[in-house]
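Open your viewer and get ready to click along. We will go from the whole chain down to single residues.

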Amino acid sequence: MHELAVTEYVFNLVKKQADAAGVSHVDKIHFLLGDQCEYVPEIIEEYLQVMSEGTALSGVKVDAVIKESTVVCKNCNHKFTRHEFKDVCPKCGSANLKLNRCTDFIVKNIEVS
Ligand SMILES: [Zn+2]
């Protein structure tokens, strides 16, 4: 479960910023995750619930926007998302494709009260 380490990292990062800004409570953390990122937002939220007890992050929610990997056709340079990917380029039909795996893991912003 590599979510534990990454959750600890996020928790410390957000807590530090919340303390520095003097906010009383952090309600929600927004993430931007690549579709090839190995972390599951629901598991991160579960770990956060446990870690945050008695802190300004107590009961914090997680919101994740998934960013799709892109595929580039090496024949015509057409770019499309992995979602539209059907073994061949939708534009020229070439199977000479390159997948750009999106493994982003980004804390986009936090909601506080
Ligand atoms: Zn093409």
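Here is a short tour of this predicted model, one selection at a time.

**Stop 1: the whole chain.** Select the protein chain and colour it by secondary structure. You should find two helices and six strands. Walking from the N terminus, the elements come in the order α-β-α-β-β-β-β-β. The radius of gyration is 18 Å, well over the 13 Å that the globule rule gives for 113 residues, so the chain is more spread out than a compact globule. Turn the chain along its principal axes, and its C-alpha atoms fill a box of roughly 55 × 25 × 15 Å. Of the 113 residues, 14% count as buried.

**Stop 2: a parallel pair.** Next, select residues 26–34, strand S1, together with residues 61–67, strand S2. These two strands run parallel and are joined by seven bridges. To see partners in this pair, pick Lys-28, whose bridge partner in S2 is Lys-61. Now add residues 41–51, helix H2: the chain passes through this helix on its way from S1 to S2, in a right-handed β-α-β crossover.

**Stop 3: a three-stranded sheet.** Which order do the strands of the open sheet have? Reading across, it is S4-S3-S5, with antiparallel pairing. Select S4 (79–81) and S5 (97–100): they stand at the edges with a single partner strand each, so one side of each has no neighbour in the sheet. On average, neighbouring strands here are turned by 25° against each other, direction ignored.

**Last stop: S3 and S5.** Select residues 70–73 for S3, which pairs with S5 over four antiparallel bridges. Finish at Thr-70, whose bridge partner in S5 is Asn-100.

Technical notes
Residues are numbered from 1 along each chain as its sequence is written. This is a predicted model: local features need pLDDT of at least 70, side-chain atom pairs count only at pLDDT 80 or more; totals for chains, interfaces and linings use all residues. Two strands pair if DSSP finds at least two bridges between them. A crossover is right-handed if, with the strands pointing away from the viewer, the path from the first strand over the helix to the second runs clockwise. The radius of gyration is taken over C-alpha atoms; the globule rule is 2.2 Å times the number of residues to the power 0.38. A residue is buried if 20 or more other C-beta atoms lie within 10 Å of its own, exposed if 12 or fewer, and partly exposed in between; C-beta atoms are placed from the backbone. Axes are lines fitted to C-alpha atoms, for helices over the stretch in contact, and angles run from 0 to 180 degrees between N-to-C directions.
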